[in-house]
Amino acid sequence: VIFDYMLKKYVIACLLVLFSAKIFAQQTRQYSFTHFSSFNGLASNLVNNITQDKEGFIWLATINGLQRYDGNKFITFQNQGGNSASVPSSIISKVMLDKAARLWVWAGEQVGTFNTDNFIYTDVIIEGNDPKNPGHILLMDQDPNGNPFIVVHKRGLYTYSAGQKKFTLTAKLPGEFP
């Protein structure tokens with residue numbers, strides 16, 4: 001009798017716990033995903049990085065050009081030989097927005113800005129760079145204040161000077177120089 005009474009209390013307690021857990025459980029969120037590939041507009045299935053501008057456009061650095069996605073379609077910008085206003089290479093390593101909302105593009109051994117209104121690329125000079133023997137860019141990023149910088153192999157850290165409109169050597173990297 002005592003056993004039956006304890007068993008009933010145990011079963012009721014378990015049912016109450018299960019019922020109350022169901023009541024307080026969070027509702028499952030539903031997310032919608034669209035998978036893009038070269039089949040439906042992506043220039044390449046390899047995307048190096050992405051960023052979003054203040055207008056809401058998504059900019060993608062791919063191995064087959066710079067792309068802008070507006071939520072419906074892609075526009076691809078590739079190198080057009082002889083056109084200095086086009087991106088310097090169709091292999092885009094990185095895109096980023098700085099504090100002034102400029103879209104920076106690292107393509108090959110060149111870094112520049114891409115005007116998101118008229119789609120014109122402008123190369124930015126790297127102080128001391130020889131066009132016949134350009135330095136190998138290892139990294140393009142920005143400091144916590146949104147100022148762009150690059151690291152050039154065996155040369156050092158260069159920061160963008162908005163006044164001079166070029167990258168200037170800020171620091172030589174230890175161990176990289178004789």
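Q: Which residues make the nonpolar surface patch of about 410 Å²?
A: This is a predicted model. One member of the patch, Leu-7, is found in helix α1, residues 2-24. Leu-7 is partly exposed, with a relative accessible area of 42%. The patch of about 410 Å² is made by Leu-7, Tyr-10, Val-11 and Leu-15.

Q: How many helices and strands does the chain have?
A: Read along the sequence, the pattern opens with α and continues with β. The count for the chain is one helix and 13 strands.

Q: What share of the residues in the chain is buried?
A: Buried means under 20% relative accessible area. The chain has 178 residues. Its accessible surface comes to about 12,100 Å², and 57% of that belongs to carbon and sulfur atoms. The buried share of the residues is 30%.

Q: Among contacts between residues at least 6 apart in sequence, what share joins residues at least 24 apart?
A: One salt bridge shows a link of this kind: Glu-127 and Lys-166 meet through their side chains. These two residues are 39 apart. For the contacts in the chain between residues at least 6 apart, the share joining residues at least 24 apart is 36%.

Q: Which strands stand at the edges of the open sheet of four strands?
A: The strand order is β1-β2-β3-β4, with antiparallel pairing. An edge strand has a single partner, so one side of it is left without a neighbour in the sheet. From one strand to the next, the twist averages 20°. The edge strands are β1 (47-52) and β4 (74-77).

Q: Which residue in β3 stands opposite Ile-58?
A: Strand β2 covers residues 58-62, and strand β3 covers residues 65-69. The two run antiparallel and are joined by five bridges. Opposite Ile-58 in β3 stands Tyr-69.

Q: Which residue takes a positive phi in the hairpin of β3 and β4?
A: β3 and β4 pair in the antiparallel sense over four bridges. Across this pairing, Arg-68 stands opposite Ile-75 in β4. Four residues lie between the strands of the hairpin. The residue with a positive phi, near 100°, is Gly-71.

Q: What is the phi of Ala-101?
A: Ala-101 has its place in the loop between β5 (92-97) and β6 (103-107). Its relative accessible area is 35%, so Ala-101 is partly exposed. Its phi is positive in a residue other than glycine, with a value near 65°.

Q: What is the phi of Phe-119?
A: Phe-119 is found in the loop between β7 (110-114) and β8 (121-123). With a relative accessible area of 29%, Phe-119 is partly exposed. Phe-119 is not a glycine, yet its phi is positive, at about 60°.

Q: Is Val-105 buried or exposed?
A: Val-105 sits in strand β6. Not counting residues up to four places away in sequence, Val-105 touches ten residues' worth of named partners, including Leu-66, Ile-92, Phe-114 and Met-140. Its relative accessibility is 0%, so Val-105 counts as buried.

Q: How far apart in space are Val-105 and Thr-122?
A: Val-105 lies in strand β6. In sequence, Val-105 and Thr-122 are 17 residues apart. In space, C-alpha to C-alpha, the distance is 9.5 Å.

Q: How many residues apart in sequence are the parts that Asp-141 and Lys-94 tie together?
A: The structure holds four salt bridges. In one of them the side chains of Asp-141 and Lys-94 meet at 3.7 Å, N to O. Asp-141 lies in strand β10 (residues 137-142) and Lys-94 in strand β5, so the tied parts are separated in sequence by 47 residues.

Q: Which residue of the Asp-141 and Lys-94 salt bridge counts as buried?
A: The cut-off for buried is under 20% relative accessible area. Asp-141 has 28% relative accessibility, so Asp-141 counts as partly exposed. At 19%, the buried residue is Lys-94.

Q: What is the N to O distance in the salt bridge of Asp-98 and Arg-102?
A: Asp-98 is buried, with a relative accessible area of 6%. Arg-102 counts as partly exposed at 28% relative accessibility. Their side chains meet, N to O, at 2.7 Å.

Q: Where in the chain is Lys-166, the partner of Glu-127?
A: The side chains of Glu-127 and Lys-166 meet in a salt bridge of 3.9 Å, N to O. Glu-127 is in the loop between β9 (125-126) and β10. Glu-127 is partly exposed at 31%, and Lys-166 counts as partly exposed at 23%. The place of Lys-166 is strand β13, residues 166-171.

Key:
Residues numbered from 1 in each chain as written. Predicted model: local features only at pLDDT ≥ 70, side-chain atom pairs only at ≥ 80, totals over all residues. Heavy atoms only, no water. Pairing = 2+ DSSP bridges. Axes fitted to C-alpha atoms, helices over the stretch in contact; angles between N-to-C directions. Patch = residues over 30% accessible without salt bridge, like charges linked within 9 Å, V, L, I, M, F, W, Y side chains within 5 Å. Areas by Shrake-Rupley, 256 points an atom, 1.4 Å probe, with all protein chains shown as cover. Buried < 20%, exposed > 50% of the residue type's maximum accessible area, 1.4 Å probe, protein only. Contact = heavy atoms within 4.5 Å.
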